[in-house]
Amino acid sequence: MKELLLAKIRNKNITVGVVGLGYVGLPLAVEKAKAGYKTIGFDVQKEKVEMVNAGHNYIGDVVNEDLEEIVKSGMLSATTDFSFVRDVDFIAICVPTPLDEHQQPDISYVRESTISVAKYLKKGTMVVLESTTYPGTTEELIRPLLEDGSGLKCGEDFYLGFSPERVDPGNLLYKTKNTPKVVGAIGKDATEVIAEMYRHVLEGDVYEVSSPAVAEMEKILENTYRNINIGLVNELAILCHKMDISMWEVVDAAKTKPYGFQAFYPGPGLGGHCIPLDPYYLSWKAREYGFHTSMIEASGMINDRMPEYCVDRCGAVLNKFGKAINGAKVLVLGVAYKQDIDDYRESPALRVIDILEKRGAEVIYFDPWIPKYKNHHGEIKTGLKYLEKEIIADADLVVITAAHTNIDYKYIAENAQAIFDAKNAMKNIDERDNIEVL
């Protein structure tokens, strides 16, 4: 099986399947097709399937012209029918792995996708999980589901591995194509073949590890590293405010050291599809071994409290003008979880707005990337279409929760009564009498 698959990869005689056409799956499917491999995308959402088949892009990291071209050429198609799994030789599972209401891993999407794949799995197929998850998922959950559902044996009839997604929405330098990939599979042959498949598609290095569990753990390490360091600077930002020291200036000074330090900056909390969630996967799994990841849990507590801390700071700014949060008109700038993207998953800005409203504020928002969003309660919130001078001036407080670069902050500063800048977006504004920074 190994030599046959290697030959098919080199000859581009492989049909690729990608389950889940979201932020991870669609860019991967596009790169597979662009590399010359016929690709089928699978998704349970009919709307996404129809958009892909029409060549209409909905993911920022995909070039519109690329999608349109590969769809027209027949290299990429999408379907809700999982029976087409029988036509593929390589299948990547790229579905969401959120947390449930109890902050525990929700792997239902992974489980259901795997069951759907298993029904039609044929001999000689490579299966790779890309969804971020806890160490052990591939071997303890995916393998038995595939074997039981297909009647095939892992390592003999099909290869199974884990290769964690590495997607950074809005990153202008690193995309799916050129970001290094880690591959860990069950058995050396599986690792070699799956890694070879990625090498024929991607420009970034492919690094092989000894098992899926190692690859699963390294992905958790990547995001936990960021979670903990952001928690550190957020806690120090609270202390620095009490000491009347600018944490932003502190970090900028520290990063002049050419070794041993990487700059992380404070903010209103953590957002996105990975960093706020993945550490909880490890904490949950660690309890199976009677172990508590105290540092991870502590950083999570710090980051989780930042939206409320920012609202407290908003209250303090309003108090300087003899106003209370209750009844105040607040304009929030930016609901995306990071600058210059249209993604608001787990965005701390949504929690800031929610807390402000609970305390009686009248909140409106503007985000040039996100005209509307669905909040934690399932309500649709619609933003301002334009930032008019009168709207800015009428607000008792302007709160910056995402540092989008296509907002004129000088214009904001000139017209706002008071500003709380949680992202240091106004660092280049000279006249700062009405600006307070996190």
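This section describes a buried aspartate, an enclosed helix, the internal cavities and the cysteines of a predicted model. Local features were taken at pLDDT of at least 70 and side-chain atom pairs at pLDDT 80 or more, while totals for chains, interfaces and linings use all residues. Residues are numbered from 1 along each chain as its sequence is written, and side-chain values use heavy atoms, with hydrogens and water left out.

Asp89 lies in the loop between β3 (76-79) and β4 (90-93); strands (E, at least two residues) and helices (H or I, at least four) are DSSP runs numbered from the N terminus. The residue is buried, at a relative accessible area of 6%, where buried means under 20% for a 1.4 Å probe and protein chains only. Its side chain forms a polar contact of 3.0 Å with the side chain of Lys8. A polar contact is a pair of N or O atoms within 3.5 Å; within protein, one must be able to donate a hydrogen and the other to accept it, and residues adjacent in sequence count only if both atoms are side-chain atoms. Leaving aside residues up to four places away in sequence, Asp89 touches Lys8, Asn13, Ile14, Thr15, Lys122, Gly124, Thr125 and Met126, contact being heavy atoms within 4.5 Å.

Helix α10 (residues 278-286) is largely enclosed by the rest of the structure, because seven of its nine residues are buried. These are Asp278, Pro279, Tyr281, Leu282, Ser283, Lys285 and Ala286. The buried residues of α10 pack against α6 (137-150), α8 (212-242) and α11 (294-320).

Two cavities of 30 Å³ or more were found. A cavity is a set of points on a 1 Å grid over the protein atoms alone where a 1.4 Å probe fits but cannot get out, and lining residues have an atom within 4 Å of a point. The largest encloses about 90 Å³, and its lining comprises five nonpolar, two polar and five charged residues, including Glu130, Glu165, Arg166, Lys175 and Lys181. The second largest cavity has about 50 Å³ of space. Helix α12 (residues 348-358) gives the most to its lining, with four residues, and the lining divides into three nonpolar, three polar and three charged residues.

The structure holds zero disulfides, a disulfide being a pair of cysteine sulfur atoms within 2.5 Å. Cys314 is in none, the nearest cysteine sulfur, that of Cys310, being 6.8 Å away. Cys314 is buried, with a relative accessible area of 0%. Cys94 is buried at 9%.

Notes:
Buried < 20%, exposed > 50% of the residue type's maximum accessible area, 1.4 Å probe, protein only. 1 Å grid on protein atoms, 1.4 Å probe; cavity = no way out; pocket = protein on both sides within 12 Å on 5 of 7 lines; lining within 4 Å. Points joined across faces, edges and corners; volume = space filled by probe spheres on them. Nonpolar A, V, L, I, M, F, W, Y, C, P; charged D, E, K, R; others polar.
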